[in-house]
Amino acid sequence: MAKKILIVDDEPNIVISLEFLMKKEGFDVAVAGDGEEALAKVAAFGPDLVLLDVMMPKKSGFEVCEALRADPARGGLLIVMLTAKGRDTEVAKGIALGADAYVTKPFSTKELVAKVKGMLAA
Amino acid sequence: MLSPGLILLVSAAYMGLLFAVARFGDARADAGRSIITANVYALSLAVYCTSWTFYGSVGRATSGGLSFLTIYIGPTLMLLFAGVIVKMIRIAKTQRLTSIADFIAARYGKSQLLAGLVTVIAVIGIVPYIALQLKAVAASLDVLIGKEGAGYLPAMFDSTLIIAALLALFTILFGTRHLDATERHEGMVAAVAFESVVKLVAFVAVGLFVTYGMFGGFAELFQRAAATPGLERLLQLDSAKAGTWAALILLSGLAIIFLPRQFQIIVVENVDESHLRRAVWLFPLYLVLINIFVLPLALGGLLHFQGQTFNPDTFVLTLPLARGAETLALLVFIGGLSAATGMVIVETIALSTMVCNDLVMPWLLRTRRFGVAEREDLSGLLLGIRRVAIVAILLLGYIYFRAAGEAYALVGIGLISFAAVAQFAPAVFGGMYWKQGTHAGAVAGLLGGFAVWLYTLLLPSFAKSGWIDKGFVENGLFGIGALKAQALFGLAGLDEISHSLWWSLFVNIGLYVAVSLWSRPDAVEAGQAERFVDVFKHAGRGTDARLWRGTASAEELVGLLDRFLGRPRARQQLANYAAGRGLDDWRSLPVDAEFVRFAETQLSGAIGSASARVMVASVAKEEDLGLDEVLDILDEATQVRAYSRELEAKQQELEAATAELREANERLRELDRMKDDFISTVTHELRTPLTSIRALSEMLHEDPEIDVDDRTRFLGIIVNEAERLTRLINQILDMAKLESGRAEWTTGEVDVAAIVREAMDSVGQLFRDKAVALEGEIPDSVPAVLADRDRLTQVMINLLSNAVKFVAGGSGRVKVRVVAGERALRVEVIDNGPGLTPEECVVIFEKFRQGGNTMTDKPQGTGLGLPISRQIVEYFGGNLWVESSPGAGATFVFTVPLPAHE
């Protein structure tokens, strides 16, 4: 069965490109445009992995990550944080909040796919 | 009437009690556990209230109404200058000064002449005052015993002489028990404080008895007085007497410090400067309490004894006796006795110290006849001299009392004494605050003031008693009208006290200042002037030590101390001093300037500063320092102080600079943090479009198989995002230029209406594309403003494209209004979009903060348009803001000021 990926970003064009990319790799994909929608989609869609943007209206990626990690039922959920802010403190904060990986924008599509596949395979 | 035996017994018992209090105080002082607290100190100040207060105030009130109060207002006001008194105490302590004569003499070069002069003035001024106390006690005895008791003593012993003798004995026991280097008598102070309580209790008791026992309280008493002819005037303030009041207030204010007994209690007997803080309010409170019943007693006496001739000075006794309250009368007598004895004891001790140190000792030391200079131990002799002086002063008082009797010269003698000691004021205050005051000036001022006092006050009082011819009072000396003793140079219309006070102080101050300015101080004087005026600054002894140069032998100096202080006391002081310098044994003390100064200070305590100076000079081989040298040293000390002040100022400056730097650093840090945030935000904004561009182009690049629809869509996104990136970069650069002030402006007269119309035309296509209505309400012509045409166009286009972005397609409407106001042009861009919350109305003007918050209508802006527009408008002196609420559309307004009218 195909692994399920939830893409969360407030930039429609980035959502378009990520959706296309992940679908092409054969994943089952759902999208969300802000933090609140992301939490709702996680509950409804039950993804294996979330690609999570940090800077979003309503609820930031950090808040979403924290909320997801607080839910023991989602213990196996993989979270990859995406951020356009490349500062070390942001990376450290994401990891501290329980993200499994941290990718800075703009990213290489090849590397992102490799990372996602690797994580889902492990 | 009371039996003489009973009165004698009670008086003796009371005196015994006083003595016990004094012994207790002395014993505690010797044990190092002083009983002189702030309260005791404040109460002891009430030695100011003598029998003159106790009996005389009521007498004065019967004739002068409220004017008796001036004698108590003056001291209260004087105590407000606590700083002056503290300085006086500090000077007296550091210099070991033991009397007012010593104080003045020490300041002006330790002058024996001045010390003697002040002593003579004090004795002449005070002896009548002591006579007054004797008279008061004698008079009160007479009232108490009554006519039928007369003859209880053999005629050769009159009661006043016995009282004087007893007081002398008592004073000797109190005041000359031993010779103390500090000349403090804690036992005496304790006894005086005790007496203050007794006289207050006695006076208040008789006041209550008369006011509430004989009359129905204050109200009734005053009503009856007001209704009685001749009495109503006592209740009113007489404005014609204002000059007298001022003189009396000044006089009593000076007396509270300069009467020898007051100087003794306030300055010499002070153990702790902080006690003064208590005295400043407690002593005035005491004065208020003891004065509350003065007027009621006066009125009560006048009402009760209407038509009879009774001495109003004895109302406090005769009123209770008239009602048969003999016990109360006895208590009042004891109160009066307290008032008299307290005054006599302290005054006599103070005067005897002055007479001994400043008159007798210098003379004895100079005449070889008695071999005083060679004697081994002089401390016994010193005590002997003081005891003789005490007896002599009281004897003088008694003689004066006998001679003056009921004569005029004893009436109001208190004020005459006050006026005498007021002569010390210029020399003392000048000496404390004016370094230029000299010995010659002080002598001239004192002599002049004293002479005027003698001529205008004391001698006329003798004349009125009939002892000398009245000619100089009535016709002037040698018949010269200008020299009339109580209308000097035609100054008539004042009462005699004011007249004498103004003239004597005028002459005194005038001579003091003029002669001081004209004369030059000698070396010792200049040094002392420095020590007095700058007493608070002389913390160290460095200057003091350098002001003495010479050689001395320890043996001789110690010998001096032994002789004047007595061996045990001298050795004890030496040991204390050595311990203070960190030495175990005083024999190892170096005989340096500091040691000589110590010896001199110790001697000052015993024999006064002037004599001490002479004695030290006699055993030490001193080099004379010239005045110039002394002034140099003092100048140097002043310079060192100036340097240290400068350093202090520099340090403060440095501290201020450091604080400023720290603040600046904080600001820089804050700016740095903001810049950091800005860069981080800019980075984010740049990376976001880049992310789409890179991801999509990589996919297109790697997968040629992507179908045409997707390919076209992706390429369209890439183009849009690239455009967005370009816009962003341009605006960031624009913003940076505006903020750093490097933007180029071409300012000229512009027609805002035309600019608005052009801007509307250039964005017309955007509106048509989205089917949004755009209308204008623009006057044909508006006043020209000074601005940059392109920049204003930029603002308009920004506002219009924002508007079209946020309104709904189809139903959206945008309206532009231009209004010419009085001071500015106002441009409004009104839309019917979703509106803004109050918070949003603020944040949209911050960089990279955009309105709109859902993915679907994510604005395609950079978040820099409004901040840039605001910068531009503000550059021209206008404002840009938004008026909006959610659901009600938004109105963006900017103003451009009109050029000021010529």
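**Salt bridges and the chain A–chain B interface**

At 28% relative accessibility, E25(A) counts as partly exposed, because that value falls between the 20% limit for buried and the 50% limit for exposed. In this predicted model, E25(A) forms a salt bridge with K117(A), and the closest N and O atoms of the two are 2.8 Å apart. The pair links distant parts of the chain: E25(A) sits in the loop between helix 1 (12-24) and strand 2 (28-32) of chain A, while K117(A) belongs to helix 5 (residues 109-121) of chain A, 92 residues apart. K117(A) also counts as partly exposed, at 38% relative accessibility.

The chain that holds this pair can be described next. Chain A contains five helices and five strands, which follow the pattern β-α-β-α-β-α-β-α-β-α when read along the sequence. Of the 122 residues in chain A, 52% are buried. Among contacts in chain A with a separation of 6 or more, 62% are made by residues 24 or more positions apart. Chain A exposes about 5,100 Å², and carbon and sulfur atoms supply 54% of that area.

How many residues of each chain take part where chain B and chain A are in contact? On the chain B side there are 27 residues, and on the chain A side 25. The size of an interface is often given as the accessible area lost when the parts come together. For chain B and chain A, this buried area is about 2,500 Å², with 62% of it on carbon and sulfur atoms. Two salt bridges are found across the interface of chain B and chain A. R724(B) forms a salt bridge with E11(A), with the closest N and O atoms 3.0 Å apart. Six residue pairs are in polar contact across the interface, both residues of each pair being at pLDDT 80 or more. The elements of chain B that give two or more residues to the side touching chain A are helix 29 (627-702) and helix 30 (708-740). Helix 29 of chain B gives the most, with 16 residues. By residue type, the side of chain B that touches chain A divides into 12 charged, eight nonpolar and seven polar residues.

Salt bridges are found within chain B as well, and a search of the whole structure finds 28 over all chains. K110(B) forms a salt bridge with E600(B), and the closest N and O atoms are 2.5 Å apart. K110(B) lies in the loop between helix 6 (100-107) and helix 7 (112-145) of chain B, and E600(B) in helix 27 (residues 593-607) of chain B, so the pair ties together parts that are 490 residues apart in sequence. K110(B) counts as buried at 11% relative accessibility, and E600(B) is buried with a relative accessible area of 6%.

A further pair joins two strands. E777(B) and K815(B) form a salt bridge in which the closest N and O atoms are 3.1 Å apart. Because E777(B) lies in strand 4 (residues 773-777) of chain B and K815(B) in strand 6 (residues 813-820) of chain B, the pair ties together parts that are 38 residues apart in sequence. E777(B) counts as partly exposed at 39% relative accessibility, and K815(B) is partly exposed with a relative accessible area of 28%. E777(B) and K815(B) also belong to a network of salt bridges that links them with R817(B), R826(B), E828(B) and E883(B).

Definitions and conventions:
Residues are numbered from 1 along each chain as its sequence is written. Chains are lettered from A and ligands numbered from 1 in the order in which they are written. This is a predicted model: local features need pLDDT of at least 70, side-chain atom pairs count only at pLDDT 80 or more; totals for chains, interfaces and linings use all residues. Side-chain values use heavy atoms; hydrogens and water are left out. Contact means heavy atoms within 4.5 Å. Buried area is the accessible area (1.4 Å probe) that two parts lose on being put together, summed over both. A salt bridge is a side-chain nitrogen of Lys or Arg within 4 Å of a carboxyl oxygen of Asp or Glu. A polar contact is a pair of N or O atoms within 3.5 Å; within protein, one must be able to donate a hydrogen and the other to accept it, and residues adjacent in sequence count only if both atoms are side-chain atoms. Helices (H or I, at least four residues) and strands (E, at least two) are DSSP runs, numbered from the N terminus. Ala, Val, Leu, Ile, Met, Phe, Trp, Tyr, Cys and Pro count as nonpolar, Asp, Glu, Lys and Arg as charged, and the others, Gly among them, as polar. Buried means under 20% relative accessible area, exposed over 50%, partly exposed in between (1.4 Å probe, protein chains only). Accessible areas come from the Shrake-Rupley method with a 1.4 Å probe; for residues, only the protein chains shown count as cover.
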